[in-house]
Amino acid sequence: CILLEPTPTHTHETKTELSKPCSKTLEYSPDIEDFSAIRVLVMRNASVSELNDGIIRNMAIGALFSDFVGKINALDFHRTADLLVTTGEDDSVRLYDIANGKLLKTTHHKKHGADRICFTHHPSSVICSSTRNLDSGGEALRYLSMYDNRCLRYFKGHKDRVVSLCTSPVDDSFMSGSLDHSVRIWDLRVNACQGILHLRGRPTVAYDQQGLVFAVSMEGGAIKLFDSRSYDKGPFDTFLVGGDMAEIWDIKFSNDGKSMLLTTKSNNIYVLDAYNGEKRCGFSVDPSPNTTIEATFTPDGQYVVSGSGDGTLNAWSISTGSKVASWDSNIGVASCLKWAPRRVMFAAAAKGVLTFWIPKDTNSTATGFER
């Protein structure tokens, strides 16, 4: 059943400066003599609008951070600032400057733990889900300030672990999907849940990049699409991936809003037309027992990159459906993988290790790809 209420119009938060960077643990890739090369490459490609097969094949590890204890649970890039945030089994939340390859700050959350995480519009505040104190509608979600290590607000309602979390790109709304078989819609400014959807199965949620539509996955591989401005009227469309009834573990929209990327429990990856649900292409990776695989679009929406159970990272062209590149991840099975929204760079993480990937050929990267 659907119990939804319209979300009021929101205003964005006001930006403030980040706190002073703290110490970092860093190892260098043998392909890059000086870590400053990362800054040169990232800043040179600040306005990259299109990639090609050669650039994708030249991606290599530019930096490796190995000071985590246990698994890295999730990571997220800020939409406009050169920042990355991670959570880990060691109850840590870590903030990175991706333009300079620096760890800016680490906070620990022993009471609640740290699981799913998303940036808000503010570059130093995040939404983080808890791994503990979830009984009887406990504090499953927290609005955290990385600037002064404060919890700005608790969001109560979920009775089990949150497995999917996303923020709206246009206002202060965010959504959470939980193993308690519910999806909740929230407003950063108030504690109360703004809407709730009860469903079967493990829910996954995602906003499109324009904030006009959000998607919710349900039991049997069904995906329901809602108008974010009138979601109380229910879904306006439902997509099914023919022949695959496996649970959907992750949904992403391409930046142009034309495609959806699905990753399933059976380690299949699908690219769908976001308007009519037709399958554009599909890929399979090796099984990864006890590890969830994540896939990501490149910013131009022309490629998909994914981890695999054999410890490789793979890239495919969406237009041709062919594999463009395959790399040894050097970190085992990558459970977290995202491409930076505005950079020729992606981050991959596994148990205890975070890696930044950039092109190793500076000349070919810069040629013809700046506006």
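Two strands count as paired if DSSP finds at least two bridges between them. Strands themselves, like helices, are DSSP runs numbered from the N terminus, with at least two residues of type E for a strand and at least four of type H or I for a helix. With that rule, β6 and β7 pair in the antiparallel sense, over 6 bridges.

Before I go on, the ground rules. What you see is a predicted model, in which local features need pLDDT of at least 70 and side-chain atom pairs count only at pLDDT 80 or more, while totals for chains, interfaces and linings use all residues. Residues are numbered from 1 along each chain as its sequence is written, and side-chain values use heavy atoms, with hydrogens and water left out.

Now the chain as a whole. It has 3 helices and 30 strands. Of its 371 residues, 59% are buried; buried means under 20% relative accessible area, exposed means over 50%, and partly exposed is in between, with a 1.4 Å probe and protein chains only. The chain exposes about 15200 Å², and carbon and sulfur atoms supply 47% of that; the areas come from the Shrake-Rupley method with a 1.4 Å probe, and for residues only the protein chains shown count as cover. A contact is a pair of heavy atoms within 4.5 Å. Among contacts with a separation of 6 or more, 51% are between residues 24 or more positions apart.

Back to the strands. Strands of a sheet pair through backbone hydrogen bonds, parallel or antiparallel. The sheet with β6 and β7 is open, has 4 strands in the order β4-β5-β6-β7, and its pairing is antiparallel. Its edge strands are β4 and β7, each pairing on one side only. From one strand to the next the twist averages 20°; axes here are lines fitted to C-alpha atoms, for helices over the stretch in contact, and angles run from 0 to 180 degrees between N-to-C directions. If you want a residue to look for, V93 has T107 in β7 as its bridge partner.

A second open sheet runs β24-β25-β26-β27, 4 strands with antiparallel pairing. Here β24 (295-297) and β27 (323-328) are the edges, and each pairs on one side only. The twist averages 15° from one strand to the next. Inside this sheet, β25 (residues 303-307) and β26 (residues 312-317) are antiparallel and joined by 5 bridges, and Y303 stands opposite S317 in β26.

On annotation: an unreviewed UniProt entry places the feature "repeat: WD" at residues 65-106, 155-189 and 297-326. Positions are in the numbering used here, feature names are shortened, and annotations may be inferred rather than shown by experiment. In the model, residues 155-189 are 0% helix and 54% strand, with end C-alpha atoms 11 Å apart. Residues 297-326 are 0% helix and 53% strand, and there the end C-alpha atoms are 16 Å apart.

Next, β10. All 5 of its 5 residues are buried. L141, Y143 and S145 are on one side, R142 and L144 on the other, and both faces are covered. β10 runs antiparallel to β9, with 5 bridges, and antiparallel to β11, also with 5 bridges. R142 is the bridge partner of C128, and R142 itself has Y154 in β11 as a partner. In the hairpin of β10 and β11, 4 residues lie between the strands, and N149 takes a positive phi near 55°.

Last, charges. A salt bridge here is a side-chain nitrogen of Lys or Arg within 4 Å of a carboxyl oxygen of Asp or Glu. The count comes to 15. Which residues form a network of salt bridges? D250, K252, E294 and K338 do.

Three single pairs are worth pointing at. D91 and R132 form a salt bridge, with closest N and O atoms 3.0 Å apart. D91 is in the loop between β5 (83-88) and β6, and R132 in the loop between β9 (125-129) and β10 (141-145), so the pair ties together parts 41 residues apart in sequence. D91 is buried at 9% relative accessible area, whereas R132 is partly exposed at 33%.

R161 and D115 form another, at 2.9 Å between the closest N and O atoms. R161 is in the loop between β11 (150-155) and β12 (162-167), and D115 in the loop between β7 (102-108) and β8 (117-119), so parts 46 residues apart in sequence are tied together. R161 is partly exposed at 32%; D115 is buried at 4%.

The third joins D67 and R94, at 3.1 Å from N to O. D67 is in the loop between β3 (59-65) and β4 (72-77), and R94 is in β6 (residues 92-97), 27 residues apart. D67 is partly exposed at 24%, while R94 is buried at 5%.
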